[in-house]
Amino acid sequence: MKIKQLRIEGFGKLVNQTYDLEDFTTFLGENEAGKSLILEAIDFLLHGSVALRLPVSLYSSAMSVDGSFTINGVRYRIIRTTKKAQLFNPETEQLIASGT
C-alpha cells in the first residue's frame, strides 16, 4: 500500500491540513509541531478509534481523516470520522464499503 494524500480535519492541532505524499516522505518539525499526530491520523484512518491515544469521546465530533492510497496500482479513498468509515473508488466516487 502507498498512501498518496491525507486530508486531516479537527485532529488535535491539525485543522484543515492536506499532505501530498511521495514514495518516501519524512515529517520534520519542532517538538509539539504535530508529527506524531500525523502518524496517529494515518493509524486512525486505517484502523479506526482503536488507534487513538485517548477515548474517542474526547476528540472533536468534527474530526475526520480522508486518505487516498494505492494497492497493486489500484487507487482507493477512505473517509473516516468518529462515527463511520467509507471506502470509495476515487475515480468514479462509487462507494465500495461503509462501516465503523
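1. Two rings of Phe, Tyr or Trp count as a pair if their centres lie within 6.5 Å. By that rule, ring pairs link Phe11, Phe44 and Tyr59 into a cluster. The model is a predicted one, and the points below should be read with that in mind.

2. How many aromatic pairs does a search of the whole structure find? The search finds four. One of them joins phenylalanine 11 and tyrosine 59. Their centres are 6.0 Å apart, and the planes make an angle of 40 degrees. That geometry is tilted, because the class lies between stacked, under 30 degrees, and edge-to-face, over 60.

3. This pair links distant parts of the chain. Phenylalanine 11 sits in the loop between E1 and E2. Tyrosine 59 sits in the loop between H1 and E3. The two residues are 48 apart.

4. Are the two rings' residues buried or exposed? Phenylalanine 11 has a relative accessible area of 0%, so it is buried. Tyrosine 59 has 16% relative accessibility, so it also counts as buried. The cut-off for buried is under 20%.

5. Phe44, also in the cluster, is one of the buried residues of helix H1. The others are Leu37, Ile38, Glu40, Ala41, Ile42 and Leu45. Note Glu40 in that list. What covers these buried residues includes strands E1, E2, E3 and E4, the last spanning 74–81.

6. Phenylalanine 44 has a further neighbour. Arginine 80 lies over the face of its ring, at 6.0 Å from the ring centre. A second arrangement of this kind involves arginine 77, which lies over the face of phenylalanine 88. Its distance from the ring centre is 6.0 Å.

7. H1 itself runs over residues 35–47, 13 residues in total. From first C-alpha to last, the helix reaches 19 Å. That is close to the 18 Å expected at 1.5 Å a residue. Just after H1 comes glycine 48, with a positive phi of about 85 degrees.

8. Which strands pair with E1? E3 (residues 64–71) pairs with E1 (residues 2–9) in the antiparallel sense, over seven bridges. Within this pairing, lysine 2 stands opposite threonine 70. E2 (residues 17–20) also pairs with E1 in the antiparallel sense, over four bridges. Here glutamine 5 has aspartate 20 of E2 as its bridge partner.

Conventions. Residues are numbered from 1 along each chain as its sequence is written. This is a predicted model: local features need pLDDT of at least 70, side-chain atom pairs count only at pLDDT 80 or more; totals for chains, interfaces and linings use all residues. Side-chain values use heavy atoms; hydrogens and water are left out. Two strands pair if DSSP finds at least two bridges between them. The expected span of a helix is 1.5 Å times one less than its number of residues. Buried means under 20% relative accessible area, exposed over 50%, partly exposed in between (1.4 Å probe, protein chains only). Contact means heavy atoms within 4.5 Å. A charge sits over a ring if NZ of Lys or CZ of Arg is within 6 Å of the ring centre and within 35 degrees of the ring normal.
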